[in-house]
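This report describes one protein model in plain terms. Please look through the sequence and the 3D structure before reading on.

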Amino acid sequence: MSDIKMRLDKVRALIQKTELLEGKGTSNEENIRIFCYEPENEMVVRHFVNQLETDQSLACHLIVCNLYKTFLSICEDMDIIDEIPEMEETEGSAYLLEQLNSAITNREFAEKIQYKPHAKGDVLMLTGVGEVFPFVRIHNLLEALQPYFSDIPIVVMYPGEFDGYHVKLFNRLRINDYYRAFSEIE
């Protein structure tokens with residue numbers, strides 16, 4: 001338990017570093033960091049994020065976006081949220097997933113997450129990656145977010161592995177390529 005807490009302390013320090021906030025030190029690459037953790041530490045990570053959200057002493061402006069809550073909000077906006085349970089029951093999970101994936105794209109997510117104006121010192125933290133699976137795949141969402149958030153850093157709280165080239169959700173699922181992020185927090 002103390003290992004995850006020490007690593008989370010490094011996240012707290014990272015989001016306040018001038019290099020991250022100004023996008024320096026990344027060789028002009030996308031300013032995206034992925035914090036990987038063991039899925040069994042999910043509740044510790046959630047508690048940490050909740051504490052960060054209310055921490056008035058941070059030297060950054062942290063914007064936390066839970067992807068599952070964003071997904072539900074998009075479903076509400078489309079007025080389909082009440083139909084989802086019945087559709088799954090009558091048509092099956094595979095059909096529901098297919099319908100939702102065709103109706104809700106990564107662009108809808110990016111537009112829902114977008115806010116303006118971005119300010120110097122903003123940090124977008126994405127949470128709920130495991131909760132929103134399989135409706136959203138983080139490697140695809142990050143591609144969609146880049147045009148909207150190229151001027152501020154993104155930190156992804158990721159329950160799985162990232163080796164600098166591939167993400168593997170829950171340390172179990174099929175590996176997906178993603179090479180534009182950095183995994184600096186050991």
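At what angle do helix H5 and helix H6 pack, and how far apart are their axes? The model is a predicted one, and in it H5 (residues 84–91) and H6 (residues 93–103) pack at an angle of about 135°, with 7 Å between their axes. Angles over 145 degrees count as roughly antiparallel and those from 65 to 115 as roughly perpendicular; H5 and H6 are therefore oblique to each other. On the H5 side, the contact is made by Ile84, Met87, Glu88 and Glu91. On the H6 side, Ser93, Tyr95, Leu96, Gln99 and Leu100 take part. By class, the residues of this contact of H5 with H6 are 5 nonpolar, 2 polar and 2 charged.

A second helix pair is formed by H4 (residues 67–77) and H7 (residues 106–113), whose axes come within 10 Å and cross at roughly 100°. Because the range from 65 to 115 degrees counts as roughly perpendicular, H4 and H7 are placed in that class. H4 brings Leu67, Thr70, Phe71, Ser73, Ile74 and Asp77 to the contact, and H7 brings Glu108, Phe109, Lys112 and Ile113. The residues of the contact of H4 with H7 divide into 5 nonpolar, 2 polar and 3 charged.

The table sets out the two pairs.

| Helix pair | Angle | Axes |
|---|---|---|
| H5 and H6 | about 135° | 7 Å apart |
| H4 and H7 | roughly 100° | within 10 Å |

The next topic is the largest pocket. Its volume is about 250 Å³. There are 18 residues lining the largest pocket, and the closest to its centre are Arg46, Val49, Asn50, Asn66 and Thr127. Which elements each supply at least two residues of this lining? They are helix H3 (42–54), strand E2 (61–66), helix H8 (129–132) and strand E4 (154–162). The largest share, 6 residues, comes from H3. Sorted by class, the lining of the largest pocket has 8 nonpolar, 5 polar and 5 charged residues.

Val49, one of the residues closest to the pocket centre, also serves as a reference point for Arg12. Arg12 and Val49 are 37 residues apart in sequence, and their C-alpha atoms are 9.5 Å apart in space. Arg12 itself is placed in helix H1 (residues 2–14). Is Arg12 buried, partly exposed or exposed? Its relative accessible area is 25%, and partly exposed covers values between 20% and 50%, so Arg12 is partly exposed. Leaving aside residues up to four places away in sequence, Arg12 touches Phe48, Leu52, Asp55, Ser57 and Leu58.

Notes
Residues are numbered from 1 along each chain as its sequence is written. This is a predicted model: local features need pLDDT of at least 70, side-chain atom pairs count only at pLDDT 80 or more; totals for chains, interfaces and linings use all residues. Side-chain values use heavy atoms; hydrogens and water are left out. Axes are lines fitted to C-alpha atoms, for helices over the stretch in contact, and angles run from 0 to 180 degrees between N-to-C directions. Helices (H or I, at least four residues) and strands (E, at least two) are DSSP runs, numbered from the N terminus. Angles under 35 degrees count as roughly parallel, over 145 as roughly antiparallel, 65 to 115 as roughly perpendicular and the rest as oblique. Contact means heavy atoms within 4.5 Å. Ala, Val, Leu, Ile, Met, Phe, Trp, Tyr, Cys and Pro count as nonpolar, Asp, Glu, Lys and Arg as charged, and the others, Gly among them, as polar. On a 1 Å grid over the protein atoms alone, a cavity is a set of points where a 1.4 Å probe fits but cannot get out, and a pocket is an open set with protein on both sides within 12 Å along at least five of seven lines; lining residues have an atom within 4 Å of a point. Grid points are joined across faces, edges and corners, and a volume is the space filled by probe spheres set on the points. Buried means under 20% relative accessible area, exposed over 50%, partly exposed in between (1.4 Å probe, protein chains only).
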